[in-house]
Amino acid sequence: MNWQMNSRTAFWLRYLPNFLRSRIEGRPNLQKVLNNTGWLFADKVLRMGVGLIVGVWIARYLGPRQFGLWNFAIAFTSLFGAVATLGLDNIVVRELVKHPDRKNEFLGSAFVLKLFGSIITSIVAIVAISLLRDGETLTLWLVALSAMALIFQSFDVIKFYFQAKVQSKYVVYATNGAFLITSLVKIGLLLFGAPLIAFAMASFGEIVLSAIFLVAVFFLNHQKISTWTYKTPVVLELFKYSWPLILSGIAIIIYMRIDQVMIGQILGDKEVGIFSAAVRISEIWYFVPIAIVGSVFPTIIENKERNEILYFERMQKLLNFLSLLGICIAIIVTFMSGSIIRLFFGSSYELAGPVLAIHVWAGVFVALGVASGSWLTAENLQKYSLYRAFYGCIMNVLLNLILIPKYGINGAAIATVLSYGVSVFSIGFYDNGKIIFYMMVKSLNILNFTKKFNGRFQ
């Protein structure tokens, strides 16, 4: 195969250790994955840096109460937004990899499904908040803006095309363009002393701009939305594989965001703001496992078709790496939690320190969940994603009901960590899931993993 590295890959490859460079050079698929991962990391690092600065500035400016109200609205909308995604992400990517000649059928059908789902869920979310918080006009508007953004996220199907082609740089161009523009707008709002609703409108504008820019890069890559087709058999085919992921997505969002909704209803919006500050820091690195798994997912599918042994070996290596990374981050943040909160959010958010020290350990299970989720999709075992999400959802709701009244926002953090762990490892209850269960348990044996790692590269 005649293949040449692009300049970006060649540049950083020169600075890798010899043992890594020798393993990568001459392997075009791996280099393509690494380059794609590099783009995803560049995207997330930029968002992490700029987003953290602007987000912290907004949190300080609004104060815990208004910041909490905004986060309550976002969390409440996300409870319904899970339906709008329809669990299609990995399913469509998988089908595009396997059947590139049918891309217009899959993209068109997925778009119609997502558009219809987002319209319905937006209406339901607005009606629900009007009943739950009757007379709170600002809360209604905040939820309405978040809900309407779901409609424009239907254009995210364009991302599936580029993910399947392992060309995430075009998605980075589009989404980062929108992100940077709206970040500048938010800075302007801060300087001019704008009200909370203005920041919510700016966030809505980011989703709209992102959709416009995605369409633009799709067109610049000689692709046309007008060629997309909607076919009922394709819709039924997608729904056949995705319905467990739809239900699991709902359950996942519930146990990821129900804590903020329950805190708002039980303790108040100010406590939501404090808890949200800790969560923002705790979840800041979640893009890492998502970016890594998102890049290697097409390759994992290819390995499954060609070499079953290699397929499981690479899956184990992926789990080992993500587990080690999650534990290292959790240890560091635990000991520095108070200083981190004071540095970024100030004394008014000081109570978020203990919350952060607890909540950050959920990241270990998040990383394992992302990786094992790709394995379930590759094995056509999506129904187990539903089962384990259901266990996590039930556990989180019950624990929040018990722990929030007794321990406040620290109780909510404990509930999050425990429910994430239950969710991820509940796959071991099923015979078909015992393989990935033991692989995840093995990945937590850090001493064994580091010993093998050091021995391999000495």
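These are my notebook entries on one helix, one residue pair and some salt bridges in this structure.

**Entry 1: what I'm looking at.** The model is predicted, so I'm reading computed values throughout.

**Entry 2: helix 9.** I started with helix 9, which runs over residues 196–220 and has 25 residues. I checked how far it reaches: 37 Å from first C-alpha to last, close to the 36 Å expected at 1.5 Å a residue. Next I looked up which of its residues are buried. The list opens with L196, A198, F199, A200 and A202. It carries on with E206, S210, A211, L214, V217 and F218. Then I stepped just past the end of helix 9, where H222 takes a positive phi of about 65°.

**Entry 3: V112.** I found V112 in helix 5, which covers residues 103–132. Is V112 buried or partly exposed? I get a relative accessible area of 34% for V112, so I put it down as partly exposed. I also paired V112 with K231: they sit 119 residues apart along the chain, and their C-alpha atoms are separated by 10.0 Å.

**Entry 4: salt bridges.** A reminder to myself: side chains of opposite charge can pair when their charged atoms come close. My count for this model comes to five salt bridges, and I looked at some of them one by one.

D269 with R133: the closest N and O atoms are 3.2 Å apart. D269 lies in helix 11 (residues 269–282) and R133 in the loop between helix 5 and helix 6 (137–152), so this pair ties together parts that are 136 residues apart in sequence. D269 has 15% relative accessibility, so I count it as buried. R133 is buried too, with a relative accessible area of 8%. I also noted a network of salt bridges that links R133, E136 and D269.

R257 with E283: here the closest N and O atoms are 3.3 Å apart. This pair links distant parts of the chain, with R257 in helix 10 (residues 232–266) and E283 in the loop between helix 11 and helix 12 (287–306), 26 residues apart. I looked up the burial of both: R257 is buried, and so is E283.

R342 with E350: the closest N and O atoms are 3.8 Å apart in this salt bridge. Are these two buried or partly exposed? R342 comes out at 43% relative accessibility, so I wrote it down as partly exposed. E350 also comes out at 43%, and I wrote it down as partly exposed as well.

Definitions and conventions: Residues are numbered from 1 along each chain as its sequence is written. This is a predicted model: local features need pLDDT of at least 70, side-chain atom pairs count only at pLDDT 80 or more; totals for chains, interfaces and linings use all residues. Side-chain values use heavy atoms; hydrogens and water are left out. Helices (H or I, at least four residues) and strands (E, at least two) are DSSP runs, numbered from the N terminus. The expected span of a helix is 1.5 Å times one less than its number of residues. Buried means under 20% relative accessible area, exposed over 50%, partly exposed in between (1.4 Å probe, protein chains only). A salt bridge is a side-chain nitrogen of Lys or Arg within 4 Å of a carboxyl oxygen of Asp or Glu.
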